[in-house]
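Student: Could you show me how to read a helix in a model? I'd like the general idea, then the case here.
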Amino acid sequence: MKRPVRLVVCVNERLGAGQASCVGRGNLDHIARMRQLITDAGLDVSVVERVCLGRCEEGPVMRIAPGGKFFTGIDTATLPRVLAELESFLERAQ
Ligand code: FES
């Protein structure tokens with residue numbers, strides 16, 4: 001049985017002075033936009049929120065699971081590339 005494709009997103013906010021975090025760098029807005037893009041494209045992908053993916057200094061981050069690409073330094077310009085990779089990942093998974 002195939003495992004469902006997921007977009008795993010970091011929703012961590014580190015509150016210490018000078019500590020980088022994905023939410024501190026705007027990932028909640030990126031996640032909302034990705035949910036919309038996924039819905040608009042009709043993709044069978046769930047968005048799964050996790051508190052920290054261990055690469056805080058490279059954030060905001062997202063990854064495709066299982067076994068897909070890890071995206072760092074996400075910004076609004078990156079989101080179409082994440083969507084394209086999701087579409088390609090789904091095609092390869094069939
Ligand atoms: S805060 Fe996002 S990877 Fe740690």
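Student: How many residues does helix 1 have, and how far does helix 1 reach from its first C-alpha to its last?

Tutor: Before that, a word on the model: it is predicted, so local features need pLDDT of at least 70 and side-chain atom pairs count only at pLDDT 80 or more, while totals for chains, interfaces and linings use all residues. Residues are numbered from 1 along each chain as its sequence is written. Helices are DSSP runs of H or I with at least four residues, strands are runs of E with at least two, and both are numbered from the N terminus. The expected span of a helix is 1.5 Å times one less than its number of residues. Helix 1 (residues 27-41) has 15 residues and reaches 20 Å, close to the 21 Å expected.

Student: Which residues of helix 1 are buried?

Tutor: Count the other C-beta atoms (placed from the backbone) within 10 Å of a residue's own: 20 or more is buried, 12 or fewer exposed, in between partly exposed. Here N27, H30, I31 and M34 are buried. They cover an arc of only 100° around the axis (taken from the directions from the helix axis to the C-beta atoms), which puts them on the same side of helix 1. The face turned away from that buried side carries the exposed A32, Q36, T39 and D40.

Student: What follows helix 1?

Tutor: That's G42, and its phi is positive, near 70°.
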